[in-house]
Amino acid sequence: MPTPITPPTLPPAPDTLVCGQVTLRFVELVPGDAEEDLVPSYHFRILLTDGTDVGHINFLIGDTGHIRNCAGHIGFAIHEAHRGHGYARLACQAIARFVRTIYDDVLITCNPDNHASRRTIERLGAEFIDEVNVSAADAHENPQARRKRRYRWTP
Ligand SMILES: CC(C)(COP(=O)(O)OP(=O)(O)OC[C@H]1O[C@@H](n2cnc3c(N)ncnc32)[C@H](O)[C@@H]1OP(=O)(O)O)[C@@H](O)C(=O)NCCC(=O)NCCS
């Protein structure tokens with residue numbers, strides 16, 4: 001049996017998180033699993049005003065080595081067909097109000113060669129901390145994820 005590590009005190013996700021054309025729809029709070037070194041994470045779909053689903057954003061709650069050195073607290077992706085409109089940045093701005101209820105600031109990371117992600121994070125106003133090596137285990141054996149740029153974002 002996996003050990004759930006969702007603290008009972010985690011708040012419910014708000015019904016409405018909006019920025020510009022982007023609305024976040026809460027999907028689930030996935031409990032952590034201490035044995036797998038997984039922390040709890042809130043999952044949201046990123047929708048446009050007309051309901052089109054353009055991607056997802058996740059908010060991870062925890063302070064493990066994997067969060068600090070690899071994953072960060074915020075993860076996002078936009079479907080290829082909908083890239084090029086800055087929706088990931090709008091999604092981060094939409095989730096900011098909720099993030100603030102849990103953390104004063106969070107870590108966001110990206111692979112150094114992920115220019116769209118880098119630009120998204122930098123345009124949010126996040127502060128560059130450093131670039132670190134990531135262990136093969138933390139990178140889930142993905143060679144492209146063996147280095148990460150780390151940023152501190154005050155939402
Ligand atoms: C990262 C990602 C979410 C960004 O999607 P998006 O919101 O559509 O981002 P955009 O394509 O609008 O690009 C955002 C910015 O990066 C810039 N950019 C995009 N590709 C670039 C490139 N190859 N080189 C330099 N800048 C680039 C854009 O010009 C834009 O800059 P601007 O704000 O000054 O206009 C998307 O590329 C993606 O899903 N990638 C795969 C998953 C991923 O890498 N997630 C991030 C993990 S942290």
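**View 1. Leu47, a buried residue in strand β3.** Leu47 has a relative accessible area of 15%, and buried here means under 20%, with exposed being over 50% and partly exposed in between (1.4 Å probe, protein chains only). This is a predicted model, where local features need pLDDT of at least 70, side-chain atom pairs count only at pLDDT 80 or more, and totals for chains, interfaces and linings use all residues. Residues are numbered from 1 along each chain as its sequence is written, and side-chain values use heavy atoms, with hydrogens and water left out. Leu47 lies in strand β3; strands (E, at least two residues) and helices (H or I, at least four) are DSSP runs, numbered from the N terminus. Skip the neighbours within four places in sequence, and Leu47 is in contact with Gln21, Val22, Thr23, Arg25, Thr52 and Asp53, where contact means heavy atoms within 4.5 Å. Its C-alpha also sits 9.1 Å from that of Ala91, a residue 44 positions away along the chain.

**View 2. The open sheet of five strands, β1-β2-β3-β4-β5.** The pairing is antiparallel, and two strands pair if DSSP finds at least two bridges between them. At the edges are β1 (17-19) and β5 (74-78), each of which pairs on one side only. Ignoring direction, neighbouring strands in this sheet are turned by 25° against each other on average; the angles come from lines fitted to C-alpha atoms (for helices, over the stretch in contact) and run from 0 to 180 degrees between N-to-C directions. When you look along a strand, keep in mind that in a regular strand the side chains alternate between the two faces of the sheet.

**View 3. The β1-β2 hairpin and its turn.** Just 3 bridges hold up the antiparallel pairing of β1 and β2. Cys19 has Val22 in β2 as its bridge partner. The hairpin leaves 2 residues between the strands, and Gly20 in the turn has a positive phi of about 55°.

**View 4. Strand β2 meets strand β3.** Here residues 22-30 and residues 41-48 pair in the antiparallel sense over 8 bridges. Follow the pairs across: Thr23 has Leu47 in β3 as its bridge partner, and Arg25 stands opposite Arg45.

**View 5. Strand β4 between β3 and β5.** β4 is mostly covered, with 6 of its 8 residues buried. On one side, β3 and β4 pair over 7 antiparallel bridges, among them the one from Tyr42 to Phe59 in β4. The hairpin of β3 and β4 has 4 residues between the strands, and Gly51 there takes a positive phi near 95°. On the other side, 5 bridges join β4 to the antiparallel β5, where Gly55 faces Ile78.

**View 6. Helix α2 across the sheet.** Helix α2 (residues 87-99) lies across β1, β2, β3, β4 (53-60) and β5, and runs at about 135° to β1. Its 13 residues reach 18 Å from first C-alpha to last, close to the 18 Å expected at 1.5 Å a residue (the expected span is 1.5 Å times one less than the number of residues). Because 10 of those 13 residues are buried, α2 is largely enclosed by the rest of the structure. The buried set is Tyr87, Ala88, Leu90, Ala91, Cys92, Ala94, Ile95, Ala96, Phe98 and Val99.

**View 7. Two buried cysteines without a partner, Cys92 and Cys70.** If you were hunting for disulfides (a pair of cysteine sulfur atoms within 2.5 Å), the count comes to 0. Cys92 is buried at 0% relative accessible area, and its sulfur is 10.0 Å from the closest cysteine sulfur, in Cys19, so that is too far for a bond. Cys70 counts as buried too, at 6% relative accessibility. Its closest cysteine sulfur is in Cys110, but at 11 Å that is also too far for a bond.

**View 8. Stepping back to the protein chain, with 3 helices and 8 strands.** Read along the sequence, the pattern is β-β-β-β-α-β-α-β-α-β-β. The radius of gyration is 15 Å, close to the 15 Å from the globule rule for 155 residues, so the chain is as compact as a globular protein of that length; the radius is taken over C-alpha atoms, and the rule is 2.2 Å times the number of residues to the power 0.38. The C-alpha trace spans about 40 × 35 × 30 Å along its principal axes, and 42% of the 155 residues count as buried. Of the contacts with a separation of 6 or more, 58% come from residues 24 or more positions apart.
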